[in-house]
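Q: Could you walk me through this one slowly, starting with the cysteines?

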Amino acid sequence: MAAVVATAASATKAHNGGSGAGGQGGESNGITGGAHQSLSREDGAPHKTKHCWEVEEEEKGEGRKPSHKRQLSVSSSNVLDNMGCLEDVVRSKRVVVLLDYDGTLTPIVSDPAKAWLPAQTRDILVELAERCVVGIVSGRSLLKVKGFVQVPSLFYAGSHGFDIWGPTTESMRYQVAADQLPDLARLRDTLTEQLRGIEGAAVEDNVFSVSVHYRNCAPDDVPAVYEIVQTARQAFPSIRFGTGKCVFELRPDITWDKGKAMVWLLQALGLWEEEDVFAIYIGDDTTDEDAFRIFHHEDRAEGIGIVVTAENKLTGAKYSLRNPEEVAVFLARLVELRGHVQAEGNSSVKDIKMDWARTPLARAFEPGNPAGEKKERERGENGVEGGVERNHGEEQGR
């Protein structure tokens, strides 16, 4: 508990105006914010907001209406200033905490291979997992995010929720769209070759998705990266295009996302229709909005979304945190509020009913097979393809 208190104290200082990792505002931690004017063009080309680019055609193509979103003011929505509204429910209900990784638990960095988790944050996650269900839902591959976090008692959903693993006594592994792995591998190889000549561009293999990073590209080169990605994708109609913070995302074109992964996990643990369950989802990126949406469109999902942003933002989240350091403070507060659970001898995971093979969402998708994990190991734990960013920038860490 000492590590939790120490982390909470240092991060509280940052919340009150100090600085820390990821606490330098939008430019240092990759936050683009949401208080910007739409600059979309009729041709669907990317438009610049801050130092990243966004593409609106995917949002339109999916036919989604952002009716669940509202303009969130960071001056009044910070959850650390509103803990009184959560104390009773956190103490009295079974809590599930799900978090994104990059930009949420750790600051966004220029080299994806060096997004290390702070040791104190890891200690907090270990203690929190003793008191409630905790999971990581990341765009990184399953093997990669598990390697970064290194807390075996957590649940993990890699590749935007397409590859799920749980720390239970039973074999909990669920993979969606495993039949698309060959196409994703071919698309990865195509992009690696075609982007080789653009300085700063990097292709990251996340097994069930392919990420094209352009954070280190010159602004004038970003449209070219976009055109190469879109042209290459046309040869694979089963692959969908999306955007994130200075990254273009390519994943199977099915109705599955981080929100569906959250619902599946709650169903798998027998918690989906239970009235005494309260879910908390924390994330910073566009893909996390799919999870925030669940709290608005599903009557059975009681909980809140918390967006990590230093700027006002149009979002489906109810509360905000400014940076990963404040996320650590919030998690430490949860540990303190949930302290009585461990004292009463209640278990967060051991007593949960495991019925994951018969969940409603599981019946809609065929589970994958261990080939996905085997292919991932063959590709390498890092997953950032050689010959792209390493030819022109810093050497990727291993």
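A: A disulfide is a pair of cysteine sulfur atoms within 2.5 Å, and by this rule the count here comes to zero. This is a predicted model, in which local features need pLDDT of at least 70 and side-chain atom pairs count only at pLDDT 80 or more, while totals for chains, interfaces and linings use all residues. Residues are numbered from 1 along each chain as its sequence is written, and side-chain values use heavy atoms, with hydrogens and water left out.

Q: Why does Cys217 have no bond to Cys246?
A: The closest cysteine sulfur to that of Cys217 is in Cys246, but it is 9.4 Å away, which is too far for a bond.

Q: And is Cys217 buried or exposed?
A: Cys217 counts as buried, because its relative accessibility is 10% and buried means under 20% relative accessible area, with exposed over 50% and partly exposed in between (1.4 Å probe, protein chains only). Cys132 is buried too, with a relative accessible area of 2%.

Q: New topic: how many residues of strand β13 are buried?
A: Seven of the seven residues in β13, which spans 277-283, are buried; strands here are DSSP runs (E, at least two residues), numbered from the N terminus.

Q: Which way do they point?
A: Val277, Ala279, Tyr281 and Gly283 point one way, whereas Phe278, Ile280 and Ile282 point the other way. In a regular strand the side chains alternate between the two faces of the sheet.

Q: Which strands are joined to β13?
A: Strands pair if DSSP finds at least two bridges between them. Six bridges join β13 to β4 (residues 94-99), running parallel, and Val95 has Phe278 as its bridge partner. Five bridges join β13 to β14 (residues 303-308), also parallel, where Gly283 stands opposite Val307.

Methods. Helix = DSSP H or I, 4+ residues; strand = E, 2+ residues; numbered from the N terminus.
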